[in-house]
Amino acid sequence: MADPVIQVEDVEKRFVVRVKRGRLRRERREVAAVDRIAFEIERGTIVGYLGPNGAGKSTTVKMLTGILVPSGGRIRVAGLDPSRRRVELAAKIGVVFGQRSQLWWDLPLRDSFELLRHIYRVPPARHRENLDRFADVLALGPFIDTPVRQLSLGQRMRGELTAALLHDPEIVFLDEPTIGLDVVAKAAVREFLSEVNRERAVTVLLTTHDLADIERLCSRLLVIDHGRLIWDGGLEELRRQHGPERTLVVDLEESAPPLELDGARVVKVDGPRQWLRFRRDETSASELIAAVGAQARLLDVAIEETEIEEIVRRIYAAGGR
Amino acid sequence: MAELGRIYLRLIGARARSQLEYRASLVLQIFASALLTLLDFVMILVLFENVPELDGWTVQQVALLYGIAGISFALTDLIVGHLDLFPQMIRDGTFDQILVRPLPSLLQVVASDFSLRRIGKILQAVAVLIVALAAADIEWTLGRAAMVPLAVVSGTLIYTGVWIALATIAFWIVDAIEFVNAFTYGGNFLSAYPITIFGRWLRNLVLFVIPIAFVAYLPALYILDKPDELGLPEALQYASPFVAVLTVLVARLVWENAVRHYRSAGG
């Protein structure tokens, strides 16, 4: 990789848990929350980090940000070992934990940003420049002087993102940044992230349950389950391997019985609209459209990919094996 | 160091400013907390209604102990009283947030609040100390006069160190706050009495383990020029500032160790 900004080699994190055995006896048992994972992330990319609850996502992020010390393996983030040089690294990264706030509850956003400027020692001119830019893109204007406790979740999240980026971090770690947001706020967050990524080459590592986040933003996906990395690659590749089926939705001029076609089967009919499922490796969409056109008058077509939720569910079920 | 001091002032300044927005309510709270803590002192007065002296200490002299210990404790409460909420900071992940900022974690935890209503306790203890100093029949020398503020500053540092060290228990046992309070609030209660009235193990505890005998009792012996009935070395009467620095350094070590434990065991 040309310029890896995150390097993870054979990293593991084991916890000791006490399991109840009988009324009083407790057994100490070691569990691997993260079990020898390895990956690199190129500077300036947006990577999605997926996995079911308890799979090891937040443990990984905590190790990358220096909160937790790994039990084994080697990590480099922005050239630093996070666990040994946590404070130094903190100045080079931004972190948003979706459900907790890094802002001061009683203060207006503007004052929180001002405190952060001092904490991160950002020169005043640079701070103003960044704040103006972010306030513009995220439309913070109407509520920048409102105490944080009075903000809606969506407004607060826009504040959190600004707070995480004001000190020009090389990397931002976002844990569920769109959780609980309405559609408009989600779109604003995604728009903003792709813009700072494009403009400033900020590397973004995003953990999320919202697969639309991933479709819009991420060029690459890491999927973790039971502490192990079970997928590392692009979304398209993932689809090709684990979701080979696509659906062609055709709007015919008038209602018709289910079409009979080679390489595709009708899975649903609703008046003049029919859903045709086909395998991408056997049939191309254009062949299929031509075949439909030969049988009936075609008004409109659309192609639906297998829902990514479904694909991810399938990889989890297969356990990556 | 100076820079960390400045950022500390800025952080608590922000906390204080937001409380000043509700000025009337704040004044009322300060007044209420002053009145409430005054009850502790009333209890001492009631005690002396029944006995003329407590192990050779007059009511004025015990008031001096109470004043020094009370101001120290109230200042400590102002600076680190919110450590009561520290277990919650661990539980809800606020502490993780602290660990990803480029400042020492202890500084951020200490600066996370600054509750102005606690000023009431300080005012109350200052009032008691002034009365005690006037009434206690002290032969003033420069050294004795200097010892009064020195004892208050040392006492504050000692209490602060003890609170911080005890708060780290939360890294192991999240719900240990009642246990911790027994030592912090209990420690304040003990400091207001001459330690000679305690049994030996408790005396040794406050002298050598949780050094709150250095908050008021030992400096007061010097200020009042009282004979030490325990026959401790006289040097201990001047030792409070050193004990204070030592306590804070030990507390910092304990804190750093506890954070290291947290980061390897994992939240």
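**Notebook: helix 3 of chain A and the A–B interface**

I began with helix 3 of chain A, where I found A:Leu109, A:Ser112, A:Phe113, A:Leu115, A:Leu116, A:Arg117 and A:Ile119 to be buried. I note at the outset that this is a predicted model.

I then asked what the buried residues of helix 3 of chain A pack against. Within chain A, I listed helix 4 (124-137) and helix 5 (153-165) as their partners, and from chain B I added helix 1 (2-19). I also looked just past the end of helix 3 of chain A, where A:Arg121 follows with a positive phi, near 50°.

Next I turned to the interface. I counted 29 residues of chain A in contact with 24 residues of chain B. The two chains bury about 2500 Å² between them, and I recorded that 55% of this lies on carbon and sulfur atoms. Of the area that chain A buries against chain B, A:Ile67, A:Arg86 and A:Ile119 supply 23%, more than any other three residues; A:Ile119 is thus a residue I had already entered among the buried ones of helix 3 of chain A.

For the polar side of the interface, I noted three salt bridges between chain A and chain B. The one I looked up joins the side chains of A:Asp106 and B:Arg15, with 3.0 Å from N to O. I also entered twelve residue pairs in polar contact between the two chains, both residues of each pair being at pLDDT 80 or more.

Which elements of chain A supply at least two residues each to the side that touches chain B? I wrote down strand 1 (4-20), helix 2 (86-90), strand 5 (93-97) and helix 3 (109-119), and helix 3 gives the most, with four residues. When I sorted the residues on that side of chain A, I obtained 16 nonpolar, six polar and seven charged.

My last entries concern the nonpolar cores. The largest has 177 residues, and those with the most contacts inside it are A:Ile6, A:Phe113, A:Phe173, B:Phe86 and B:Phe95. Helix 3 of chain B, residues 59-80, gives the most to this core, with twelve residues. I followed A:Ile6 further and, leaving out residues up to four places away in sequence, found that A:Ile6 touches A:Phe39, A:Glu40, A:Ile41, A:Leu64, A:Arg76, A:Val77, A:Ile171 and A:Phe173. Apart from the largest core I noted another, of eleven residues, including A:Leu248, A:Leu252, A:Leu261 and A:Phe278.

Note on methods:
Residues numbered from 1 in each chain as written. Chains lettered and ligands numbered in written order. Predicted model: local features only at pLDDT ≥ 70, side-chain atom pairs only at ≥ 80, totals over all residues. Heavy atoms only, no water. Contact = heavy atoms within 4.5 Å. Buried area = accessible area lost by both parts, 1.4 Å probe. Salt bridge = Lys/Arg side-chain N within 4 Å of Asp/Glu carboxyl O. Polar contact = N/O pair within 3.5 Å; in protein donor to acceptor, adjacent residues only side chain to side chain. Nonpolar A, V, L, I, M, F, W, Y, C, P; charged D, E, K, R; others polar. Buried < 20%, exposed > 50% of the residue type's maximum accessible area, 1.4 Å probe, protein only. Core = buried A, V, L, I, M, F, W, Y, C linked by side-chain atoms within 4.5 Å.
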